[in-house]
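Visitor: I would like to be walked through this structure, one question at a time.
Guide: Very well; here it is.

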Amino acid sequence: MFFFMLIILGLDSQFVQMEILVTAVTDMFPKLRHRKSYITTAFCTILCILGFTCVTRAGGYWMAVIDQYSVNFHKLVFALAECAGLCWFYGPKRFMNDIRTMMGDKVVESRGFKFWPITWVVITPGLMLFILAFNFISWTEPQYDGPFPPWGQAIGWMIMLSSLIVIPMDWAFFIWTTPGTYKERLHALINPLPSWGPALRHHRQEAADVHRMNGTDFGGQVDYVKKKKDLENGPEPPPHEMMDLNPIPESEDEEEEKKIIEEEEEEEEEKKGAEEKKGSDAEDAAS
């Protein structure tokens, strides 16, 4: 049972990691969404081949390097960056209003929910900073049958920096390609893009109204709706191009949006009819 548990635990972790990789690729290249199974197979094959290094005679050394440099440090940095971006730049009140839009005032105004903003802003980043500082202070170079040579340690540091360097590179690219003064570029960097928000226009308007009534800004443009053909042709334009993008007139997407609303209403009516039928059948059976 112990080894069966390990197999299930490994498969569970593998599902999550593969879904992250495949979703990132299909979001960047929407044309590949219809070939998701092929992309998943390709990733599994490549990672399986790379994993063979851990079952060779040098596998113990590779496991020590990967465990020390690839797992111990950079995931905390990623989590701290996400928490800071969401709660310190986007804002906890704005995030609460996003939840209010989806779940209603009853959930957000409840007593139990008041604990979560404190967790987002103080407790979670504080704990991650503490763990990050503790790991940094207690850092030791990996060993396996003795200390690693300098070139082995260099491989480990390159593995770690290959993922961490993406964050400052993305910031630098955004600031470099965004027009305006340096202050305006920083303001654009820490604020949502015009495309931020729900996909349908009436949902975007609803979110904007909820934010306005509760003292925050929606962030995206209410009238910004991407055409279906744009979604099929590829990813969104670069941030500096999207800032100057004119909103699409309502008339172009009005018919498509009406069809979606009608389909949602029909589904609700079918569900209600099915529930009423079940209730009448239960009453007939009881009688």
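Visitor: How many helices and how many strands does the protein chain have?
Guide: This is a predicted model. Read from the N terminus, the elements run as an unbroken series of α. The count for the protein chain is 14 helices and zero strands.

Visitor: What percentage of the residues in the protein chain is buried?
Guide: A residue is called buried when its relative accessible area is under 20%. The protein chain has 287 residues. Of these, the buried share is 23%.

Visitor: Among contacts between residues at least 6 apart in sequence, what percentage joins residues at least 24 apart?
Guide: A contact here means heavy atoms within 4.5 Å. Among contacts in the protein chain between residues at least 6 apart, those joining residues at least 24 apart come to 62%.

Visitor: Which element gives the most to the lining of the second largest pocket?
Guide: This pocket holds about 1100 Å³ of space, and 24 residues line it. The elements giving two or more residues to the lining are α1 (2-28), α2 (36-51), α3 (59-71) and α4 (74-90). With eight residues, the one that gives the most is α1.

Visitor: Which residues lie nearest the centre of the second largest pocket, and how many residues of its lining are nonpolar?
Guide: Nearest the centre are Q17, L21, L47, I66 and S70. By class, the lining includes seven polar and two charged residues. The nonpolar residues number 15.

Visitor: F43 is in helix α2; how far apart are the C-alpha atoms of F43 and L21?
Guide: F43 counts as partly exposed because its relative accessibility is 21%. Beyond the residues up to four places away in sequence, F43 touches M18, L21, V22 and V25. F43 and L21 are 22 residues apart along the chain, yet their C-alpha atoms are separated by 8.1 Å.

Visitor: Where is L32, and which residues does L32 touch?
Guide: L32 sits in the loop between α1 and α2. Its relative accessibility is 31%, so L32 counts as partly exposed. The C-alpha atoms of L32 and V22 are 9.8 Å apart, with these positions 10 residues apart along the chain as the separation. Leaving out residues up to four places away in sequence, L32 touches V25, T26 and I39.

Visitor: Is Q68 buried or exposed?
Guide: Q68 belongs to helix α3. Residues up to four places away in sequence aside, Q68 touches W139, T140 and P142. The relative accessibility of Q68 is 16%, and the limit is 20%, so Q68 counts as buried.

Visitor: Which element supplies the largest share of the largest nonpolar core?
Guide: The core has 18 residues, and F113 and W120 have the most contacts inside it. At least two residues each come from α3, α4, α5, α7 (115-137) and α8 (150-164). The largest share is four residues, and the element supplying it is α4.

Visitor: Which residues does W120 touch?
Guide: W120 is one of the two residues named for the most contacts inside the largest nonpolar core. Residues up to four places away in sequence are not counted. The residues W120 touches are C83, C87, P92, F95, M96, I99, F113 and P125.

Visitor: Which residue's side chain is joined to the side chain of N97 by a polar contact of 2.6 Å?
Guide: N97 is found in helix α5 (residues 92-103), and N97 counts as buried because its relative accessibility is 1%. Apart from neighbours within four places in sequence, N97 is in contact with V210, H211, N214 and T216. The polar contact of 2.6 Å joins the side chain of N97 to that of T216.

Visitor: How far apart in space are Q205 and F218, C-alpha to C-alpha?
Guide: Q205 lies in helix α11 (residues 201-213). At 34% relative accessibility, Q205 is partly exposed. Q205 and F218 are 13 residues apart in sequence, and the C-alpha to C-alpha distance is 9.3 Å.

Visitor: Is D145 buried or exposed?
Guide: D145 is in the loop between α7 and α8. Its phi is near 60°, a positive value in a residue other than glycine. Its relative accessibility is 71%, and the cut-off is over 50%, so D145 counts as exposed.

Methods:
Residues are numbered from 1 along each chain as its sequence is written. This is a predicted model: local features need pLDDT of at least 70, side-chain atom pairs count only at pLDDT 80 or more; totals for chains, interfaces and linings use all residues. Side-chain values use heavy atoms; hydrogens and water are left out. On a 1 Å grid over the protein atoms alone, a cavity is a set of points where a 1.4 Å probe fits but cannot get out, and a pocket is an open set with protein on both sides within 12 Å along at least five of seven lines; lining residues have an atom within 4 Å of a point. Grid points are joined across faces, edges and corners, and a volume is the space filled by probe spheres set on the points. Ala, Val, Leu, Ile, Met, Phe, Trp, Tyr, Cys and Pro count as nonpolar, Asp, Glu, Lys and Arg as charged, and the others, Gly among them, as polar. Buried means under 20% relative accessible area, exposed over 50%, partly exposed in between (1.4 Å probe, protein chains only). A polar contact is a pair of N or O atoms within 3.5 Å; within protein, one must be able to donate a hydrogen and the other to accept it, and residues adjacent in sequence count only if both atoms are side-chain atoms. A nonpolar core is a set of buried Ala, Val, Leu, Ile, Met, Phe, Trp, Tyr and Cys residues joined through side-chain atoms within 4.5 Å.
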